Amino acid sequence: MQATLNTSLEIEPHTENFVGEIQNINLSEPLSSNTYNELKKAFSFFGILVFRNQNLTPPQFSKFSSNFGPLHIHHLAERTFPENPEVRVISNVKKNGKYIGQYRAGHYWHTDLIYLKQVGRATILHGIECPPSGADTLYTDMRRAYTEMPDKLRNQIDGKLQVQDHAYTYSKIYPERPSMTKAEIAAVPPVKHPMVCIHPESKQKSVYMSLATTRTIGNLDEDETATLLREIEDFCTQEKFLYKHKWQKGDIIMWDNFCCMHSATSFDEKYDRILYRTQTLHEGRIQST
């Protein structure tokens, strides 16, 4: 990790500089280009930024997010906000008998949009309604995990390409959802990405994976790949690498998918949970070892 970050922002660091909580900033107000440049610098340094006590409308949330890259419109998006289809809703709330957004998203370790040719960079969530307990989001620092990984394990992924396939285990992970249609599968064909990426700004190396969508690694078959991935995931998700975010209403958290994996956790569904989500795309090729 870099030793220091020179910035005019007020930041409270957490978890060995993996998370930076930005103080005294109102994201509903116009921010200067200099402030956005400082936020981008902090984002590259930490990997995760947290903003408390925010209250953004979908258009405001979209506008803020767009400063960190081109916004992605998901091929399975529910289009909750027709004027802002890039803003998805994650919720257990129903309206007229249907969920108002995506239900039970990502309750397993994964990296967002790793299965696209133009992969995801930032994922940004805004807590609109948050249960008093449960519903934490877990994050693991894949840069530190790579650094501390045993040579024997690291050598099995350094310089290797993985085949990413969104449809690979979709029905197994989400049995409660309709299977992907042929058109939906065709919209996200399999692609190859490195197992170890180099961060475009910090130049740090990071394990880059998502067990659910990685079909094969190098010359390994699917079974051999799954065995190796489970070993890697077990190593990378040790407690010492983790940050657990306890959601509060008004939170905004954004993370760099080149730096971390994440997982949702369960909660008592007598409580309403509503999150807004945007995702940006990485511009350019992934740098690899």
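**Entry 1. Terms and the model**

I take strands to be DSSP runs of E with at least two residues, numbered from the N terminus. In these terms I placed Asn 92 in the loop between β4 (88–91) and β5. I note at the outset that the model is predicted.

**Entry 2. The chain as a whole**

I counted the secondary structure elements and found seven helices and 18 strands in the protein chain. I then looked up the radius of gyration, which is 18 Å; this agrees with a compact globule of 289 residues, for which a value near 19 Å would be expected. Along the principal axes, the C-alpha atoms fill a box of roughly 50 × 50 × 35 Å. I recorded 55% of the 289 residues as buried. The exposed area is about 13600 Å², of which carbon and sulfur atoms supply 47%. For contacts between residues at least 6 apart in sequence, I found that 81% join residues at least 24 apart.

**Entry 3. Asn 92**

I asked whether Asn 92 is buried or exposed. Its relative accessible area is 12%, and with the limit for buried set at under 20%, Asn 92 therefore counts as buried. I followed its side chain to two backbone atoms: the oxygen of Tyr 271 at 2.9 Å and the nitrogen of Arg 273 at 2.8 Å. Beyond its neighbours within four places in sequence, Asn 92 is in contact with residues including Tyr 99, Tyr 103, Phe 267 and Glu 269.

**Entry 4. Two asparagines with positive phi**

I checked backbone angles next. Most residues other than glycine have a negative phi. Asn 24 has a positive phi of about 55°, and Asn 96 likewise has a positive phi of about 55°. I located Asn 24 in the loop between β2 and α1 (33–46), and Asn 96 in the loop between β5 (94–95) and β6 (98–99). Asn 24 counts as exposed at 66% relative accessibility. Asn 96 is also exposed, with a relative accessible area of 77%.

**Entry 5. Strands β2 and β3**

I looked at how strand β2 (residues 19–22) meets β3 and found a parallel pairing with four bridges. Val 19 stands opposite Ile 48 in β3. Which residues cover the two faces of β3 (residues 48–51)? Ile 48 and Val 50 lie on one side, Leu 49 and Phe 51 on the other, and all are buried.

**Entry 6. The sheet β12-β11-β18**

I traced an open sheet of three strands in the order β12-β11-β18, with antiparallel pairing. β12 and β18 (287–288) stand at the edges with a single partner strand each, so one side of each has no neighbour in the sheet. Strand β11 (residues 196–198) pairs with β12 over three bridges. I noted Val 207 in β12 as the bridge partner of Val 196.

**Entry 7. Helix α7**

I examined helix α7 (residues 222–236), whose 15 residues reach 21 Å from first C-alpha to last, close to the expected 21 Å. At its start, a side-chain oxygen of Asp 221 comes to within 3.2 Å of the backbone nitrogen of Asp 223. I listed the buried residues of α7, among them Leu 228, Leu 229, Ile 232 and Phe 235; Glu 233 is also one of them. What do the buried residues of α7 pack against? Their partners include the helices α3 (142–148) and α4 (151–154), and the strands β8 (137–141), β13 (214–217) and β16 (260–264). β12 (205–207), noted above as an edge strand, is also one of the elements against which they pack.

Key. Residues numbered from 1 in each chain as written. Predicted model: local features only at pLDDT ≥ 70, side-chain atom pairs only at ≥ 80, totals over all residues. Heavy atoms only, no water. Expected span 1.5 Å × (residues − 1). Buried < 20%, exposed > 50% of the residue type's maximum accessible area, 1.4 Å probe, protein only. Contact = heavy atoms within 4.5 Å. Polar contact = N/O pair within 3.5 Å; in protein donor to acceptor, adjacent residues only side chain to side chain. Rg over C-alpha atoms; globule rule 2.2 N^0.38 Å. Areas by Shrake-Rupley, 256 points an atom, 1.4 Å probe, with all protein chains shown as cover. Pairing = 2+ DSSP bridges.
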